[in-house]
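Here's a quick tour of one corner of this model, followed by a look at one of its chains as a whole. Have the structure open as you read.

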Amino acid sequence: MGLRVPPGGRSTLRSLAAALLALLAVGAAARAEDRAPIVIEGGKGKTYRIAVQRFADRSTPQSAERIARFREALQNALEFSGLFQRVPDGAFLGPLETESLDDGAQIACPDWTQIGADALLQGEIARDSEGFRVAFRVWDTARCRDLMRRRYVQKATANPEDVARRVADDVVEAFLGVRGVSSTEIAFVSDRSGNKEIYVMQADGSNVRKATANGSINNFPNWSPDGQAIAYTSYRQGNRPLIFLSSRGALRPGRLLQSDGRSQYRAVFDPIGERLAVVLSNGSSSEIVSVDTDGKDVRRITQSQSIEVSPTWSPDGKRIAFVSDRTGAPQIYVMSASGGDEKRLTYDGAYNTNPSWSPDGLWIAYETRVDGQFDIWLIDPEGKVNVPLVTNERSDEAPSWAPNSRHIVFSSTRRGRADLYMIDRDGSNLRRLTGDAGNNTAPNWGPFPR
Amino acid sequence: MTGVRDGQQDLRKREFRRFVSWSAGAHLAVLGIVVISPGFHSRFDASQVIAVDLVSLPASALAPSVAPALPPPPSAKPVPPAEKAPPPPPESPKPKEVVLPKNPEREPSKPKPAPKPQEVAPKPEKDLDDLLADMRKDAGETAPAPKPVEQAAVPAPSATASAGTVKVSPEVLAWMRKAKLHVRSAWVVPPGFRREALETHVTVELDASGAVVGEPKITQRSGNPWYDEGVLHAIVKASPLPPPPAAGEWDFVFLPEDAAL
């Protein structure tokens, strides 16, 4: 008597077995693979592809020149950010010009994703007697949602270029969380006219103009936190260096403080613009004092008989990093802004100088001498992390932070004469900013415009 | 009386042996019919089979329903007969567990040590491969046997993720590699983020075609919202991904530093 299998029984058994095994397989796979993430280290892209619609001009009357200048400056500023690559207008499937920025206005996202755009920038400007108004909207085209909407009013006399840079810097903020710096300025020293004068340029190296023209020797420009004044050292009166102010705002231009017979080497504004740290020297030693912006209320900060120079304020204004040769060689120290509580910061290298405290407070950039030339390093304010940022067989000197703490400008002789370069905090994106003429040194990066 | 008792006991023993023999024969016959019937193997093709990880299953999941009717396990893990099975891939001559280094491209010469045997859950006496191989052998099948199970242990991405390793079948591993390249090519990491200590974990639902379904879910934020937004943008931009082995949720971890840097 054999095994009796009812009609259809074989298929039933097969089905049951198949179902059982399939369930086991799926269950096992799901349980195991749920715990196995796909780890992606580093995106291939470094720049977002952005489509920029032509900003509509709602001015009355319209000005073809104004909108053209605005558009060109916007393109240049976006490119300068290093964050974007523009999608050519000719590739657009969607409208070339912004049609509407109304809250409910949508875009056909596939029109933009199909041409490879990660982002779309829309906007409009309007200039009338009340001001220069601008509104814009930034879209994430893949997710089809807007990342940023802003509108603001500038003075009616504002340059289209300044407004465009402001927009570009905001667009950078939409992607990085920190503003771009195309609208900021850099002060520096150049001998392009035959003697060392103070110059100012846009952060991208454009629009260079003189801040001094006294025919003397000028050095160490330093911006006030509101960007309305520059303190600098000059031999313009006599054969001794003195501190002067160049102002386009409320501060009185001219001599900062009366001479007490000592040389005044360098002045640095505090983060709120109420006081300046000033280096005074009697020839054999130098000390750091602080004064108010009228040159009054002089307070001695350092008490040593050594040479103490190059003050830089912490962003909260409570500490000052400086250079002292009290151990026989220049090293970086940190102290309280009122003096005291001094702590040596650098121990590597026999010659460390020119510290610059980042606006976010995380790093102090400084220059260190290696084989007779200087490299730029970063150290944290506690002295725990000390890393090279710029190394080259030629000298790299005088680092100064961008207000977003993402970039550093410095002077380098890598091409022979001294030029200004900028580099990102992580050591990438090195760019030369000057190169037309002369030696360009002692850069100081100004604040965000207000 | 004793003889009668002995006779009854003998009778019971004989009846019991007959019953056991009949039962075993019946079970074998049923299984034989199931195995040799057409369509059985088409339902369980090799790709499905090797995706199974029995190591993580309790032994009791298989034992009660299948094991009693099958032949006893051989003393060693069966190797498919040479004439019936294609040679195994040269890179994996026999089933074994391979542990990938965290970043093969970066440290090809320093793979992590293989996991210790005791770290792996004990295998059941006979795993699914063995059972199927036995059934095919019994059925006289000449079709290629399933490829040896090569399970790769995928390490946890960081200290914040679950410790230890996860076993992944070759099929899934191959897809993971494709998906990684695909998403990586869509992901923009600005230079300012590349050396930051950022790590975002995202769960993405994929349909069978690889298309992203709905909004990816961030399961661990990096602390930098703009970095996280960039990650979400990359995933949606990358849609559709290569078709996954199975529709459902998949986990991704995004680290900003490029191994090649």
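## A sheet shared by two chains

In this predicted model, four strands make up an open sheet with mixed pairing, in the order 1(A)-6(B)-4(B)-5(B). Strand 1 (38-41) of chain A and strand 5 (212-220) of chain B sit at the edges, each pairing on one side only. From one strand to the next, the twist averages 25°. Strand 4 (residues 200-206) of chain B runs antiparallel to strand 5 of chain B, and five bridges join the two. Take B:His201: its bridge partner in strand 5 of chain B is B:Gln220.

Now for the helices. Here is how each one is oriented against a strand:

| Helix | Strand | Angle |
|---|---|---|
| Helix 5 of chain B | Strand 1 of chain A | about 35° |
| Helix 7 of chain B | Strand 4 of chain B | about 25° |

Helix 5 of chain B also lies across strand 6 (248-255) of chain B, while helix 7 of chain B touches strand 4, strand 5 and strand 6 of chain B.

The two helices pack on each other as well: helix 5 (residues 170-186) of chain B and helix 7 (residues 225-238) of chain B have axes 8 Å apart, at an angle of about 115°. Their crossing is right-handed. On the helix 5 side, B:His182, B:Val183 and B:Ala186 meet B:Ala234, B:Ile235, B:Lys237 and B:Ala238 of helix 7. That contact is made of five nonpolar residues, one polar and one charged.

Zooming out, chain A has four helices and 31 strands. Its radius of gyration is 29 Å, well over the 22 Å that the globule rule gives for 450 residues, so chain A is more spread out than a compact globule. Of those 450 residues, 46% count as buried.

Technical notes
Residues are numbered from 1 along each chain as its sequence is written. Chains are lettered from A and ligands numbered from 1 in the order in which they are written. This is a predicted model: local features need pLDDT of at least 70, side-chain atom pairs count only at pLDDT 80 or more; totals for chains, interfaces and linings use all residues. The radius of gyration is taken over C-alpha atoms; the globule rule is 2.2 Å times the number of residues to the power 0.38. A residue is buried if 20 or more other C-beta atoms lie within 10 Å of its own, exposed if 12 or fewer, and partly exposed in between; C-beta atoms are placed from the backbone. Axes are lines fitted to C-alpha atoms, for helices over the stretch in contact, and angles run from 0 to 180 degrees between N-to-C directions. A crossing is left-handed if the near helix is turned anticlockwise from the far one by less than a right angle, and right-handed if clockwise. Two residues are in contact if their C-beta atoms, placed from the backbone, lie within 7 Å. Ala, Val, Leu, Ile, Met, Phe, Trp, Tyr, Cys and Pro count as nonpolar, Asp, Glu, Lys and Arg as charged, and the others, Gly among them, as polar. Two strands pair if DSSP finds at least two bridges between them.
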